[in-house]
Amino acid sequence: MKSRSTGIVVAAAAASLALALTSCGSAKQSTSASSSGSGSGTGAVKIGLLLPESKTTRYEQFDKPLIEQKIKEIAPNAQIDYYNANQDATLQQTQVDTALTKGNQVLILDAVDAKAIQSSVQKAHDAGVKVVAYDRLAQGPVDSYVSFDNRKVGQLQGEALVAAVGDKASAGKIIMINGSPTDPNAADFKAGAHSAIDGKLTVGKEYDTPNWDPNNANQEAAAGITAIGAPNVVGVYSANDGMAAGIATALKAANLSVPLTGQDAQLDAVQRILAGTQTMSIYKPYKPEADTAAQMAVAFAQGKTLGSEVASAKATSGSGQEVQSNLITPIVLTKDNIKSTVVADGLYTVPQICTPDYAAACAAAGLQ
């Protein structure tokens with residue numbers, strides 16, 4: 001990833017304040033409005049923000065406040081209707097209906113189930129409402145898409161696991177615990193990981209994990225350890241940090257200390273990396289993704305087209321639509337670059353990371 005500006009630090013601080021003021025219960029909905037100006041266009045800007053769940057900490061803690069902040073920066077009088085589907089695809093379809101009834105001109109949509117939401121995307125399209133696919137590429141006539149290069153994410157995870165296993169590769173097998181089968185990103189992560197792992201590590205057991213659930217991941221890891229035999233497990237691929245938490249518990253119960261991957265740079269994952277119970281994570285700076293989604297949404301609401309500076313790439317959805325896109329490069333997070341990434345960018349402070357349980361590990365990593 002190219003370097004981020006110091007503006008990310010400011011945005012992260014503002015995001016924390018916005019979270020305290022605007023965050024709502026995960027299954028509830030809220031409306032934000034301001035009349036302090038007209039933004040860069042004319043008329044009211046009405047945007048529906050639909051996020052998928054709250055088990056993964058990023059959505060309520062970072063994505064929501066950062067998107068809302070950027071929308072308000074561009075269009076201060078914007079009305080933002082917020083919904084969290086709580087990992088319920090049917091609820092999200094109902095929320096789309098509600099957003100359309102409220103007169104939202106644009107939907108920023110992070111789909112619970114990219115296929116199941118297709119009829120809702122079509123309904124929005126038929127009503128003349130633009131859809132910005134956020135983080136996951138929903139099926140149907142989506143108007144634009146912003147995410148990270150998801151195959152690259154999986155590739156980086158796989159390469160890190162291969163390097164961490166090293167010369168023990170021939171001594172045993174790995175367990176692969178992939179994300180939800182209803183999430184198109186999970187398929188990309190999986191494909192990217194296999195591109196790096198296949199031929200270098202032997203996969204003993206592999207699972208696709210419904211809803212990215214850490215408890216499911218814990219059970220899958222325990223089952224994989226039993227099937228392969230604890231002495232024969234040389235590493236575990238986890239598609240994200242939430243699942244890695246459950247997997248780390250299973251590894252500890254089996255008295256195993258082997259390489260473990262992750263994604264999202266969650267606070268507990270950063271701490272596990274410092275403690276040596278997780279090898280790496282993928283840091284995906286939320287601000288560039290959130291800012292781009294907000295810019296796309298406001299532009300559409302104001303009747304504008306997207307320039308190449310906002311959407312310079314193309315992506316093809318599961319239903320075959322080619323969508324103008326912005327795909328951001330992810331960053332491998334290890335013990336060596338915690339200070340120069342998540343701390344420098346203001347995602348977490350050193351005191352947040354270096355609680356008493358991790359003080360010694362922080363000191364060894366130069367964080368104190």
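This is a short tour of a predicted model, stop by stop, for an open viewer.

**Before you click**

Numbering starts from 1 along each chain as its sequence is written, and side-chain values use heavy atoms, with hydrogens and water left out. As the model is predicted, local features need pLDDT of at least 70 and side-chain atom pairs count only at pLDDT 80 or more, while totals for chains, interfaces and linings use all residues.

**Colour by confidence**

Colour by pLDDT, the predictor's confidence in each residue, from 0 to 100. The protein averages 89, and 88% of its residues reach 70 or more. Now select residues 1-42: pLDDT stays under 50 there, and the model has 86 contacts beyond four places in sequence for this stretch (contact means heavy atoms within 4.5 Å). Where pLDDT is low, the predicted coordinates should not be read in detail.

**The 8-7-9 sheet**

Next, show strands 7 (173-178), 8 (203-208) and 9. Helices (H or I, at least four residues) and strands (E, at least two) are DSSP runs, numbered from the N terminus. Together you get an open sheet of 3 strands, order 8-7-9, with parallel pairing; strands pair if DSSP finds at least two bridges between them. Strands 8 and 9 are the edges, each pairing on one side only. On average, neighbouring strands here are turned by 10 degrees against each other, direction ignored. Zoom in on strands 7 and 8, which are joined by 5 bridges, and you'll find Met 176 opposite Glu 206.

Add helix 7 (214-228). Helix 7 lies across strands 7, 8 and 9, at about 160 degrees to strand 7. Axes are lines fitted to C-alpha atoms, for helices over the stretch in contact, and angles run from 0 to 180 degrees between N-to-C directions.

**Helix 8**

Select 241-253. What does helix 8 lie across? Strand 7 and strand 9, running at about 160 degrees to strand 9. Try the ruler too: at 1.5 Å a residue, the 13 residues should span 18 Å, and the end C-alpha atoms are 18 Å apart, which agrees. (The expected span is 1.5 Å times one less than the number of residues.)

Now pick out the buried residues (under 20% relative accessible area; exposed is over 50%, partly exposed in between; 1.4 Å probe, protein chains only). Among them are Met 243, Ile 247 and Leu 251. The buried residues of helix 8 pack against strand 7, helix 7, strand 9, helix 9 (267-275) and strand 10 (281-283).

Check both ends as well. Asn 240 caps the N-terminal end, with a side-chain oxygen 3.4 Å from the backbone nitrogen of Gly 242. Just after the helix, Asn 255 takes a positive phi of about 60 degrees.

Carry on into the loop between helix 8 and helix 9 and stop at Asp 264. Its phi is positive, about 110 degrees, although Asp 264 is not a glycine. Asp 264 is buried, with a relative accessible area of 5%.

**Strand 6 and its partners**

Jump to 144-148: in strand 6, 5 of 5 residues are buried. Ser 144, Val 146 and Phe 148 point one way, and Tyr 145 and Ser 147 the other. In a regular strand the side chains alternate between the two faces of the sheet.

Strand 5 (130-134) pairs with strand 6 in the parallel sense over 3 bridges, with Ala 133 partnering Tyr 145. Strand 12 (322-328) also runs parallel to strand 6, with 5 bridges, and Phe 148 has Ile 328 as its bridge partner.

Last stop: Asp 135, in the loop between strand 5 and strand 6. Asp 135 has a positive phi of about 70 degrees and is buried, at 3% relative accessible area.

Definitions and conventions. Polar contact = N/O pair within 3.5 Å; in protein donor to acceptor, adjacent residues only side chain to side chain.
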